[in-house]
Amino acid sequence: MTDQRAAVKRFNWTFALVLVMGIVVLGASAVGLRYWRRQYLATNALEKGLAAYKAREWATAAREIGRYCAVHDNDESALLKYAEAQLHVQPQKRGNVDQAIGAYRRVLRTSPTHAEASERVAEVYLQMGLPSEAELVLRRWLEAEDAPRARFLLSLALEAQRKFQEAGQ
């Protein structure tokens with residue numbers, strides 16, 4: 001009978017509990033370190049990007065500020081600088097313009113009547129031959145404030161859509 005008891009193995013609950021706690025602590029540490037590293041790299045990228053922006057090194061500025069904006073997508077100032085840098089990259093490619101439009105749209109998503117973002121994205125839309133998109137942005141801007149520049153750009157957008165009667169008002 002004693003041989004049968006020796007053959008039955010007992011489950012060590014203390015070891016299992018310590019093992020589970022160790023895995024939880026290790027996982028939480030990994031998540032915390034990943035978050036800290038992303039924040040640290042984003043902050044460094046912003047510093048490099050702003051230095052390149054001031055030096056008018058547009059490709060570097062766009063790349064570095066873009067890395068920051070990937071982590072902090074609510075920073076309006078950084079998004080505006082990112083969009084401007086994308087528009088200045090030479091040679092200008094469709095992808096750069098699309099990235100700039102996306103940055104302006106992110107600003108307008110959080111602040112639909114942001115004057116600078118509205119003006120710049122409307123100008124880009126007009127240059128790309130998308131006057132209906134420009135009209136939408138400009139009408140939202142005009143709902144918030146009666147800006148002469150917005151009225152002028154709206155008349156250009158309406159004219160491009162052959163809405164001459166409305167453009168003349």
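**Exercise 1. Which residues of H3 are buried, and what do they pack against?**

Solution. The model is a predicted one, and the working starts from helix H3, which covers residues 58–71.

Step 1. Taking under 20% relative accessible area as the cut-off for burial, the buried residues of H3 are Trp58, Ala61, Ala62, Glu64, Ile65, Tyr68 and Cys69.

Step 2. In an α-helix there are 3.6 residues a turn, so residues three or four places apart point the same way.

Step 3. The partners of these buried residues are helix H2 (13–54), H4 and H5.

**Exercise 2. Work out how H3 and H4 cross, and which classes of residue make up their contact.**

Solution. Step 1. The two axes come within 8 Å of each other and cross at roughly 145°, and the crossing in which H3 passes H4 is left-handed.

Step 2. On the H3 side the contact is made by Trp58, Ala61, Ala62, Ile65, Gly66, Tyr68 and Cys69, while H4 contributes Ala78, Leu79, Lys81, Tyr82, Glu84, Ala85, Gln86 and His88.

Step 3. Sorted by class, the contact of H3 with H4 holds 10 nonpolar, three polar and two charged residues.

**Exercise 3. Check the length of H6 against the expected span of a helix.**

Solution. Step 1. Helix H6 runs over residues 115–128, and the expected span is 1.5 Å times one less than the number of residues.

Step 2. For the 14 residues of H6 this should give 20 Å, and because the end C-alpha atoms are 20 Å apart, the two values agree.

Step 3. Beyond the helix, H6 is followed by glycine 129, whose phi is positive, near 80°.

**Exercise 4. Are H6 and H8 roughly parallel or roughly antiparallel, and which residues meet between them?**

Solution. Step 1. H6 and helix H8 (residues 148–160) pack at an angle of about 20°, with their axes 11 Å apart.

Step 2. Since angles under 35 degrees count as roughly parallel, H6 and H8 are therefore roughly parallel to each other; their crossing is left-handed.

Step 3. Glu119, Ala122, Glu123 and Leu126 in H6 meet Arg149, Leu153, Leu156 and Ala157 in H8, and by class this contact of H6 with H8 has five nonpolar, no polar and three charged residues.

**Exercise 5. Identify the buried residues of H6 and the helices that cover them.**

Solution. Step 1. Ala117, Ser118, Val121, Ala122, Glu123, Val124 and Tyr125 are the buried residues of H6.

Step 2. Their cover includes helix H4 (76–88), helix H5 (94–110), helix H7 (131–144) and H8.

Key: Residues are numbered from 1 along each chain as its sequence is written. This is a predicted model: local features need pLDDT of at least 70, side-chain atom pairs count only at pLDDT 80 or more; totals for chains, interfaces and linings use all residues. Side-chain values use heavy atoms; hydrogens and water are left out. Axes are lines fitted to C-alpha atoms, for helices over the stretch in contact, and angles run from 0 to 180 degrees between N-to-C directions. Helices (H or I, at least four residues) and strands (E, at least two) are DSSP runs, numbered from the N terminus. Angles under 35 degrees count as roughly parallel, over 145 as roughly antiparallel, 65 to 115 as roughly perpendicular and the rest as oblique. A crossing is left-handed if the near helix is turned anticlockwise from the far one by less than a right angle, and right-handed if clockwise. Contact means heavy atoms within 4.5 Å. Ala, Val, Leu, Ile, Met, Phe, Trp, Tyr, Cys and Pro count as nonpolar, Asp, Glu, Lys and Arg as charged, and the others, Gly among them, as polar. Buried means under 20% relative accessible area, exposed over 50%, partly exposed in between (1.4 Å probe, protein chains only).
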